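Reader: I have a model open and would like to talk it through with you, starting with how the helices pack. Could you take my questions as they come?

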2 protein chains.
Amino acid sequence: MNEVFLTNWKSQVKKGTLTFIILNVLKDKKYYGYELIEQIRKFTEIEIAEGTLYPLLNRLKTENLVDSEWIEQETGIPRKYYRLTNTGIKTLLQMNSYWKNLETAIQKIIQ
Amino acid sequence: MNEVFLTNWKSQVKKGTLTFIILNVLKDKKYYGYELIEQIRKFTEIEIAEGTLYPLLNRLKTENLVDSEWIEQETGIPRKYYRLTNTGIKTLLQMNSYWKNLETAIQKIIQ
DNA sequence: CAAAATACATTGCTATACTATGTATTTTGT
DNA sequence: ACAAAATACATAGTATAGCAATGTATTTTG
């Protein structure tokens, strides 16, 4: 009916939202990139393209919200694990508060 | 602490979200642009720049999600009122469903 | 009577998601 | 045994949307 508009809209909604999701997932334990895509798809039905995630993680690292370390595997390709920094934790708290506000506002509007 | 990042993030979150909010507000009755900015600020603390809203409304009209009509005032500048089209209503239903899903997913992740 | 508010609009900038493409290794299916 | 799929990283180019700045014009307020 308006497929193109909806598809585009969903992608727009992800801007900002994905950063928020990734940081929230990372608050519990360290993950590597590919794992993040799998986990989020498994638990939420949200699809994250690889071309979205890897640049996103690099931005987060540049902003000093996450740290990364390469970890060799006994077999297979080495994995790059990401974890929150202290700055990341503090920033995430502010993001959570902003999100709660937005969510409440939207719920009020939707009724 | 990370002012720039947060400011930028909030603006990114608005991409898509604003479209969703505007359409939801318009489902009840017709509004003119300036009024939308005021109403949303009053009830939700969400700030929408004029340079954001007017292009947004034009996009919605191009996509045939809303209609507009100029209404002359007894005094003052004429106002351009917007209302949902049938396509707009149907699209909004799908957006509501997607949003509900996303919200639930994020709540699960945040705990 | 000047400043602020109301009401529309556009231009240029920036940030981010996504498709496509690439590399390399390991696992799976036949 | 060997091809295909999955795992795991990465980048380049494109499209979209929010926003500051700027503009026009009218009306209200101090």
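Reader: Is the crossing of H2(A) and H3(A) right-handed or left-handed?

Author: This is a predicted model, and in it the crossing of H2(A) and H3(A) is right-handed. The residues that make the contact are A:Gly33, A:Leu36 and A:Ile37 on the H2(A) side, and A:Glu50, A:Leu53, A:Tyr54 and A:Leu57 on the H3(A) side. By class, the residues of this contact divide into 5 nonpolar, 1 polar and 1 charged.

Reader: And at what angle do the axes of H2 and H3 of chain A cross?

Author: The axis of helix H2, residues 33–44 of chain A, and that of helix H3, residues 50–62 of chain A, come within 10 Å and cross at roughly 125 degrees. Angles over 145 degrees would count as roughly antiparallel and 65 to 115 as roughly perpendicular, and H2(A) and H3(A) are therefore oblique to each other.

Reader: Stepping back, in what order do the elements of chain A run?

Author: Chain A has 4 helices and 3 strands, and from the N terminus on they run α-β-α-α-β-β-α. The C-alpha trace of chain A spans about 50 × 35 × 25 Å along its principal axes, and buried residues make up 23% of its 111 residues.

Reader: Different topic: what rotation superposes chain B on chain A?

Author: A rotation of 180 degrees, with 0.0 Å of shift along its axis, superposes chain B on chain A with an RMSD of 0.0 Å. The two copies are thus related as by a two-fold rotation axis, and the same surface serves both, since 100% of the contact residues of chain B recur in chain A.

Reader: How many residues does the contact take from each chain, B and A?

Author: The contact takes 35 residues from chain B and 35 residues from chain A. On the side of chain B that touches chain A, helix H1 (3–26), H2 and helix H4 (86–110) each supply at least two residues, and the largest share, 15 residues, comes from H4(B). That side of chain B has 16 nonpolar, 12 polar and 7 charged residues.

Reader: One last residue: is B:Arg41 buried or exposed?

Author: B:Arg41, which lies in helix H2 (residues 33–44) of chain B, has 12 other C-beta atoms within 10 Å and is exposed, because a residue with 12 or fewer counts as exposed.

Reader: What is B:Arg41 in contact with, leaving aside its neighbours within four places in sequence?

Author: With those neighbours left aside, B:Arg41 is in contact with B:Ile46 and B:Glu47.

Terms used:
Residues are numbered from 1 along each chain as its sequence is written. Chains are lettered from A and ligands numbered from 1 in the order in which they are written. This is a predicted model: local features need pLDDT of at least 70, side-chain atom pairs count only at pLDDT 80 or more; totals for chains, interfaces and linings use all residues. Axes are lines fitted to C-alpha atoms, for helices over the stretch in contact, and angles run from 0 to 180 degrees between N-to-C directions. Angles under 35 degrees count as roughly parallel, over 145 as roughly antiparallel, 65 to 115 as roughly perpendicular and the rest as oblique. A crossing is left-handed if the near helix is turned anticlockwise from the far one by less than a right angle, and right-handed if clockwise. Two residues are in contact if their C-beta atoms, placed from the backbone, lie within 7 Å. Ala, Val, Leu, Ile, Met, Phe, Trp, Tyr, Cys and Pro count as nonpolar, Asp, Glu, Lys and Arg as charged, and the others, Gly among them, as polar. A residue is buried if 20 or more other C-beta atoms lie within 10 Å of its own, exposed if 12 or fewer, and partly exposed in between; C-beta atoms are placed from the backbone. Copies are superposed by least squares on the C-alpha atoms of residues with pLDDT of at least 70 in both.
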